[in-house]
Amino acid sequence: KFLDDFYFYIGSERTIEDSYQRSYSRLNGTGIQKNLMPILLDKSKEKQRRAWESDLLDCEQKIEKNPDNPKLWLTKARLLTKLGYFKQAHEAYKKASSLAPNDPKIRIEQADALQQSGNHKKAVNVYDEALELEPEDYKIWWKKGQAHVKAEEYKEAAESYERAIDLAVKHEPSSPDRYMICREYASLLEKRGEYQKSIAMYKKSLGFE
């Protein structure tokens, strides 16, 4: 079924990628399990993936010789994230954080990776750990608000957005981030049915941009 559709689209002078996506969508609608769906391998992406796997192996060998180096664990966590091994990446980030307990950047990266993997509530917890070290960083509050939204925790998201806006105005009076945070917060308020607050926040965003 997939190949019938795929070669039909190829014959219609569509690209390989477009033909794959169209055929995939048609097959996906028949209820076939995700793990049985055909995968399109991209030569350049496979080359990059193999390079990351090689780098990961090299990093693990270095860790064996120097297991208390947080930079090596952070490198391992980043490579695992790129490869899509989110559970192992989370453990590597935790190890890096334990070896560098005063570095908020590691926790921010860890929370970002959790967001990428869909673990939004865990991401919130790790953003909180970063905020214990950098409570005045509006970007962390912003990211935390986004994670709350993804976790459908809208009240908590609103609190994080408000804090992010206050800190952005205080510390970055010329940053375009203020506009973006206000826009996102206004959209959240609209979703919650708080229309007057939403209108006010949209107006505030227009004052910035």
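User: Is the crossing of helix 8 and helix 9 left-handed or right-handed?
Analyst: The model is predicted, so local features need pLDDT of at least 70 and side-chain atom pairs pLDDT 80 or more, while totals for chains, interfaces and linings use all residues. Residues are numbered from 1 along each chain as its sequence is written, and side-chain values use heavy atoms, without hydrogens and water. Helices are DSSP runs (H or I, at least four residues) numbered from the N terminus, and a crossing is left-handed if the near helix is turned anticlockwise from the far one by less than a right angle, right-handed if clockwise. For helix 8 and helix 9 the crossing is left-handed.

User: How are helix 8 and helix 9 oriented to each other?
Analyst: Helix 8 (residues 138-150) packs on helix 9 at about 160 degrees, with the axes 8 Å apart. Axes are lines fitted to C-alpha atoms over the stretch in contact, and angles run from 0 to 180 degrees between N-to-C directions. Angles under 35 degrees count as roughly parallel, over 145 as roughly antiparallel, 65 to 115 as roughly perpendicular and the rest as oblique. Helix 8 and helix 9 are therefore roughly antiparallel.

User: How many nonpolar residues does the contact of helix 8 with helix 9 have?
Analyst: Trp141, Trp142 and Val149 of helix 8 are among those that meet helix 9 residues including Tyr161 and Leu167 (contact: heavy atoms within 4.5 Å). Ala, Val, Leu, Ile, Met, Phe, Trp, Tyr, Cys and Pro count as nonpolar, Asp, Glu, Lys and Arg as charged, and the others, Gly among them, as polar. Beside 4 polar and 3 charged residues, the nonpolar number is 10.

User: How does helix 9 lie against helix 10?
Analyst: The axes of helix 9 (residues 154-171) and helix 10 (residues 177-191) come within 10 Å and cross at roughly 155 degrees. The angle therefore makes helix 9, relative to helix 10, roughly antiparallel.

User: How many charged residues are in the contact of helix 9 with helix 10?
Analyst: Ile165 and Val169 are among the helix 9 residues that meet helix 10, where Ile181 and Leu188 are among the partners. The residues of this contact comprise 12 nonpolar and no polar, and the charged number is 4.

User: Is helix 4 roughly parallel or antiparallel to helix 6?
Analyst: Between helix 4 (residues 70-83) and helix 6 (residues 104-117) the axes come within 11 Å and cross at roughly 15 degrees. Helix 4 is therefore, with respect to helix 6, roughly parallel.

User: Which helix gives the most to the lining of the largest pocket?
Analyst: Helix 2 (16-28) and helix 3 (43-65) each supply at least two residues of this lining. With 4 residues, the one that gives the most is helix 2.
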